[in-house]
Amino acid sequence: MDLAIVGLSAAGKTTVFNALTAGHGSAVGGAEQIGAVKIPDERLEKLAALVKAKKITPLEVTLHDLPALFERGAPPSGSAAETLSRADALLHVVRAFERDDVPHPKGSVDPARDSQAFDEEIAFNDLGIIERRLEKLDITVRSARPGERETGGREKALLDRLRAMVNEGVRLRNQQLDASELKELGNFGLLSLKPMLILLNVGESDAPNAAAREADYTERFAASGTCVTALCARLEAELAELSSEEAAEFRREMGAAEDTTHAVLGKVVQLLNVVTFFTIGETDAHAWTVPAGASALQAAGRIHTDIERGFIRAEVIAWDKLLEFGSHTEARRHGQLRTEGKQYTVREGDVINVLFNV
Ligand SMILES: Nc1nc2c(ncn2[C@@H]2O[C@H](COP(=O)(O)OP(=O)(O)OP(=O)(O)O)[C@@H](O)[C@H]2O)c(=O)[nH]1
Ligand SMILES: [Mg+2]
């Protein structure tokens, strides 16, 4: 899962990156930093303990700390544009902290304004992409053979529809486009299609009220493709450098919520509309994701293409059922270990063992 951190300059993007990665980023080209964060999962830890797995592989999010986008109206370019097009979601850091020694590029702190303005920037950016693609299509369709003309016509109809929506101020990420349409749009790098987590970066004195701010903004901005969270990035970045006991003590003193950074990552998973499944064995207890609605065959492909190719059947059990029975053997004896075929729809928390033959 790839997450690009975006927002105005001095919004606190790098501070958020440091808070989430505990300062473990590495510089890549340009002004970009990259860092991986593991998402702790209690279910996986319990399963690992059950089978005494030597290794635990939780879900991982790759974070990209980018420089401010759309400065002086220029669209993203170079490595930033590439990172954005590959990102599964955007983490939009919106400044809500006041600080005289760190000027806000717009002269005042107004998170609702900044959030709206950023959406307008990406809408404008995407309109440019759509227009250019439509112009090109127009030329190819006119000179195409009948079969190709039909495909081109379908794409044109889709782009015309999107253009109308973007023009009306609709945020495409909150629309239910169907999978084939999304696939068709996959290569264009439309930013307004990316799910977005809006992160309100509140000041230190506001940290105890973060939950209330989050609730307020959730009501105003959240939708199917948009989530909201609030935290004080500077405080979290400092806490990330302490031991967990010290950090907990500090949080109590500050009146800050527990484990804010993990909560943020949990929201990312929620936003991406994926389900988590597990494979467990003595060597590795592993968490994986597939898009919601994915089949057992797709899950097999996530693990390894060979396993997908040689798929015979899958043994499936819910993680808590497995813990309840204590082993696959016991679960099978009680008829709780199910045998499923390729078409089975993976459920959240399934423990899957794919039997395959290559
Ligand atoms: N008081 C306070 N200061 C913060 C907070 N978050 C960030 N800052 C400060 O704001 C300044 C800018 O933060 P950065 O994290 O560098 O912001 P950025 O968005 O990465 O900025 P650019 O990369 O220059 O676009 C730094 O001096 C931070 O210490 C916060 O939650 N509270
Ligand atoms: Mg920065």
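Two strands pair if DSSP finds at least two bridges between them. Helices (H or I, at least four residues) and strands (E, at least two) are DSSP runs, numbered from the N terminus. This is a predicted model: local features need pLDDT of at least 70, side-chain atom pairs need pLDDT 80 or more, and totals for chains, interfaces and linings use all residues. Residues are numbered from 1 along each chain, chains are lettered from A and ligands numbered from 1 in written order, and side-chain values use heavy atoms, without hydrogens or water.

**View 1. Strand E4 at the edge of an open sheet.** The sheet has 6 strands in the order E4-E10-E9-E13-E11-E12, with mixed pairing. E4 (56–57) and E12 (338–340) each pair on one side only. E4 and E10 (residues 285–291) run parallel, joined by 2 bridges. Threonine 57 has histidine 286 of E10 as its bridge partner.

**View 2. Helix H2 on the sheet.** H2 (residues 42–51) touches E4, E9 (274–280), E10 and E13 (350–356). Its direction makes about 10° with that of E9; angles run from 0 to 180 degrees between N-to-C directions, with axes fitted to C-alpha atoms, for helices over the stretch in contact.

**View 3. Valine 351 and its contacts.** Contact means heavy atoms within 4.5 Å. Beyond four places in sequence, valine 351 contacts residues including Leu47, Phe278, Trp319 and His328.

**View 4. Around ligand 1.** Here 18 residues surround the ligand, each with a heavy atom within 4 Å of it. Among the closest are Gly12, Lys13 and Asn201. A polar side-chain atom of asparagine 201 lies 2.9 Å from a ligand oxygen. A backbone N or O atom of glycine 12 lies 3.0 Å from a ligand oxygen.

Conventions
A polar contact is a pair of N or O atoms within 3.5 Å; within protein, one must be able to donate a hydrogen and the other to accept it, and residues adjacent in sequence count only if both atoms are side-chain atoms.
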